Amino acid sequence: MRFRGWDLVWFLGFMLPWSSTIVVDASIHDYRNERFSRRLNSYFFHGGSEGLYASKIHPSHSNSEDKPLNGKSFIRFESITFRRTKEATEQQHAMQQKTGLIEAIIVEVKDRGRIGGTRENSDVICCNPKLAEQGSCKVGEVIIRQDPNNPDWPKRIQTSFEGQTQEASLIHTVEVNSTGMYYLYFMFCDPELKGTIINGRTVWRNPDGYLPGKMAPLMTFSGFMSLAYLVLGLVWFLRFVQYWKDIIQLHYHITIVIGLGMCEMAFWYFEYANFNSTGNRPMGITLWAVTFSAVKKTVSRLLLLVVSMGYGVVRPTLGGIATKVLLLGFMYFVATEALELVEHLGNINDFSGKAKVFLVLPVALLDACFILWIFSSLSKTLEKLQMRRSMAKLELYRKFTNALAVSVLLSVAWIGYELYFNANDPLSELWRRAWIIPAFWSLLAYVVLVVICILWAPSHNPTRYTYLEEMGDDLEEEGVSLTTSGVKVAGDVAIKLERKERKVSSAADHVYGLGEEPEEDKRE
């Protein structure tokens, strides 16, 4: 499951200076000396599962393997070979044509109940003599009840060993004309084939390319987010140029964040596009994208944390706490990098979900640490600003706190939805909605970044959110608050002027001899 943390604002990021030319198969499921597992009275091997959209071009009645497949969905068996043991081979007669049957079964998840003897009140998967007498199946074959509305499905593809040959091959293409989540199983019923291994690969393709069905919408979403970041960047640039004389360091950070967001989304878009057109996913591109995202998430949380601590607003440095901040960031980067790699590679090579569970827990705990530390620091910063009566900065941080609070509430609600979604969809029947899960986090990060851009927008008075010395800070805040509390400030200024006049008057009395009382005391 995609149990992500909350991306609140993107600040600084970078790419590691390394890559690889190794190619990882995409919607291509590889089998290397895989073995069959026992289940009831059958032996099976799970060959993969993908969400496939219906072909845009209806297939002709021709059975030719060479007909064009553009615009069609299909599952292609390429160089599939089954190798049985020598003992099983030697027991067969050389002149016998079929000495062992292996079946490839493709079933849509909604039709999974059509496999096995459920309808016959039997818990077997392979046909036995008793069921064969009823005419519902053939001995030695997997029991399949065909769909009356689609007699060819679930699909059965049979491959037999000939005589005393040790290997059997399967080369076939199955076209898909109904949108759904499809599972592939290789099965046999003959106990003599125990120990058989499978090699080869299957290629799964959608009408518009090789991108898996549940990932296809992410390509469009990445392109849309790239444009959204571009629009935000143009608006920010115009504001940046308009007040270029009053730009502070924070504005450069926000500019970098916008650029990184735009580049990252564009990078993912082209990665998906390459994946979709070639069917292969270069390891280098995947690692760069995953590492880039992990670094960006880490740095965004670190900078969000130090801003919440009041860095640059109520304190000029972090002091001794900087080491703890960096240590937390390093731990989060390692955990996120591992999780992202398993997640993205898992969509390709059918990685077990068990590894994800162990990697999700550290990320979740570290995210919780960030959340607690950020809001604890915000509380202290708000308290300091209130004690100093820095009204402009206090108002700014209140808005910032409210934005973060709403983001956290949305994140918690979405995490709950993710848990509900995955708990109620163990077989990926809702695969067409799965892309919304990761898309939400990117969209939330963008929205919060827009809020940050509004709060810290360049203006003619940048000192309202920058660190100043204690005295200068107070005076500056009074000047900033003049427009909202003019009467109060005017009174304060009047009191200060009156005190200054008294001091000047007293000094003048001393100069002109009006204050002789101290001299008399001196003579005494």
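The protein chain holds 12 helices and 11 strands; these are DSSP runs, H or I of at least four residues for helices and E of at least two for strands, numbered from the N terminus. The model is predicted, with local features needing pLDDT of at least 70 and side-chain atom pairs counting only at pLDDT 80 or more, while totals for chains, interfaces and linings use all residues. Residues are numbered from 1 along each chain as its sequence is written, and side-chain values use heavy atoms, with hydrogens and water left out.

**Whole chain**

Start with the full chain of 524 residues, of which 46% are buried (under 20% relative accessible area, with a 1.4 Å probe and protein chains only). Among contacts (heavy atoms within 4.5 Å) with a separation of 6 or more, 79% are between residues 24 or more positions apart.

**The open sheet**

Next select β2, β10, β5 and β8. These four strands form an open sheet in that order, with antiparallel pairing; two strands pair if DSSP finds at least two bridges between them. β2 (28-35) and β8 (167-176) are the edge strands, each with a single partner, so one side of each has no neighbour in the sheet. From one strand to the next, the twist averages 10°.

Zoom in on β2 and β10 (residues 197-205), which are joined in the antiparallel sense by six bridges. Here D30 lies opposite R201 in β10.

**Strand β9 and its partners**

Move to β9, residues 180-188, where eight of the nine residues are buried. Add β4 (residues 42-52), which pairs with β9 in the antiparallel sense over nine bridges. The bridge partner of G48 in β9 is L184.

Then add β6 (residues 101-108), which runs antiparallel to β9 and is joined to it by six bridges. E108 is opposite Y182 in β9.

**Helices α4 and α5**

Finally, select α4 (residues 249-278) and α5 (residues 283-308). Their axes are 11 Å apart and the packing angle is about 155°; axes are lines fitted to C-alpha atoms, for helices over the stretch in contact, and angles run from 0 to 180 degrees between N-to-C directions. The two helices are therefore roughly antiparallel, the word for angles over 145 degrees.

Show side chains at the contact. From α4 come L260, E264, F267, W268 and E271; they meet residues of α5 including I285, W288, F292 and K296. By class, this contact has eight nonpolar, two polar and three charged residues. Ala, Val, Leu, Ile, Met, Phe, Trp, Tyr, Cys and Pro count as nonpolar, Asp, Glu, Lys and Arg as charged, and the others, Gly among them, as polar.

Note on methods:
Parallel < 35°, antiparallel > 145°, perpendicular 65-115°, else oblique. Buried < 20%, exposed > 50% of the residue type's maximum accessible area, 1.4 Å probe, protein only.
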